[in-house]
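Here are a few short exercises to work through with the model open beside you. Each one comes with a solution that goes step by step.

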Amino acid sequence: MLQNDREMYLSGIVVAGDICNTDSSFDVKTQSLIRYFSFCRGISPQADRAESAFNKGLELLGKARNLGLHVGITAHAPYSASAGLMHKIAAASRDEGYPMSIHFQESAEELEFISTGGGKMAERIERMGIDISDYEPVKDGQTGWLLKNAATAQKIIAVHNTWSSPEDVTRLNLGFRDVSFCLCPSANLYIGGKLPSIDFIIRLRRRFALEPTAWLNTAPDMLQEMQILQSNFNLNLKTLIPWASLNGAKALGIDSEFGSFTKGKKPGIVHLSKVNHKELLILPDCRSRII
C-alpha cells in the first residue's frame, strides 16, 4: 500500500478520495504527500441494523479524525443500505458539510434488484447470509430511492453512472444542490464491459470527475482513465484535464486549495511526456510524472 501511494504521487496525483471499510490505510495516509479524503462506509441493507451499521461507520471515522485525516461517513450503494441507514448518513453529510459518495447505477443486476427485489444480485446477497426478506422494491428505481432517502445530503458524488439515463441525471440535479458524476472507465470495462453514455451529460453541462481504480498490487493510474475516455469518446485534453483535476477538487469541496493554477492554491504540476499539441491528444506511449 505504501508503494502504491508513492507511485500515485510520482505520477501526479496530489488529491484522492478513498473508500474505507477498515482502518488498514490510515497509517499510510498519515505519512503520505497526497491529500486524502477518506469515505468511511456504513453498510447494511437490513432495516433493523441501520443504527449499528451507522455507528460502525462513525467508529471508523473517529479513528481517522484522531489521526488528523480528512474524513466523512458515506454509503456504498442503494442496494447495500437500508432507507434508515441512508437517512442517517445523508443527515451527517449535511450537518458536517462534506459530500456523500455513492455507487450509482453501476450494473443491470443492481437496477433489477432495486426495482424488483430479485435477480442475480439478490441471489448474491442471500448467499452472503444476509436476510433481505423485508426488502421493498422501488418502482421509481434508484434515482427515486436516492431522492427519497438521501436528499438531505445536498452534495453528492455519484460514482459509475454506467446505466444512467438523461432523466436520471436531470432528476439528480434538481434534487441535490451539488452533484458530481464520477467516472471509473477501467473499472466499468472490467466489471461490465460497458462505459457510461456521457454525451448527454456533457450536453446538460454537468460536472464530471475521474476516479482511477486501484487494482491488486497496482497503483491507480489517472492517465490510463483519461486515455480510455479519449479513445472511446470525442474528447481531448481541453476537456479531460479539468475532469482529472479541478472537478475532482470541487467534488471533494477542496477547490479553494487544489485543482487549478490560482493564487493561494497548491496544485500539483504534472508533466505529460508525449502529447499531440495541435489536437491536444494523449499519445499512446505517454507517461505522467509530478514536477
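## Salt bridges and a surface patch

Arg-65 has a relative accessibility of 37%, so Arg-65 counts as partly exposed. Keep in mind that this is a predicted model.

**Exercise 1.** Find the salt-bridge partner of Arg-65 and say which elements the pair links.

*Solution.* Start at the side chain of Arg-65: a salt bridge joins it to Glu-96, with 2.3 Å from N to O. Next, place both residues: Arg-65 belongs to helix 3 (residues 50-66) and Glu-96 to helix 4 (residues 83-96), 31 residues apart. Finally, check the partner: Glu-96 is partly exposed because its relative accessibility is 44%.

**Exercise 2.** Decide whether Lys-29 is buried or exposed, and describe its salt bridge with Asp-18.

*Solution.* Buried means under 20% relative accessible area. Lys-29 has 6% relative accessibility and therefore counts as buried. Its closest N and O atoms to Asp-18 are 2.7 Å apart. The bridge links distant parts of the chain, helix 2 (residues 26-31) with Lys-29 and strand 1 (residues 15-20) with Asp-18. Asp-18, at 25%, is partly exposed.

**Exercise 3.** Where does Ile-291 sit, and which residues make a nonpolar surface patch with it?

*Solution.* First locate Ile-291: it lies in the segment after strand 11 (288-290). Then look at its accessibility: Ile-291 is at 64%, so it counts as exposed. Last, add the neighbours: Phe-261 and Ile-269 join Ile-291 in a nonpolar surface patch of about 370 Å².

Terms used:
Residues numbered from 1 in each chain as written. Predicted model: local features only at pLDDT ≥ 70, side-chain atom pairs only at ≥ 80, totals over all residues. Heavy atoms only, no water. Patch = residues over 30% accessible without salt bridge, like charges linked within 9 Å, V, L, I, M, F, W, Y side chains within 5 Å. Areas by Shrake-Rupley, 256 points an atom, 1.4 Å probe, with all protein chains shown as cover. Salt bridge = Lys/Arg side-chain N within 4 Å of Asp/Glu carboxyl O. Helix = DSSP H or I, 4+ residues; strand = E, 2+ residues; numbered from the N terminus. Buried < 20%, exposed > 50% of the residue type's maximum accessible area, 1.4 Å probe, protein only.
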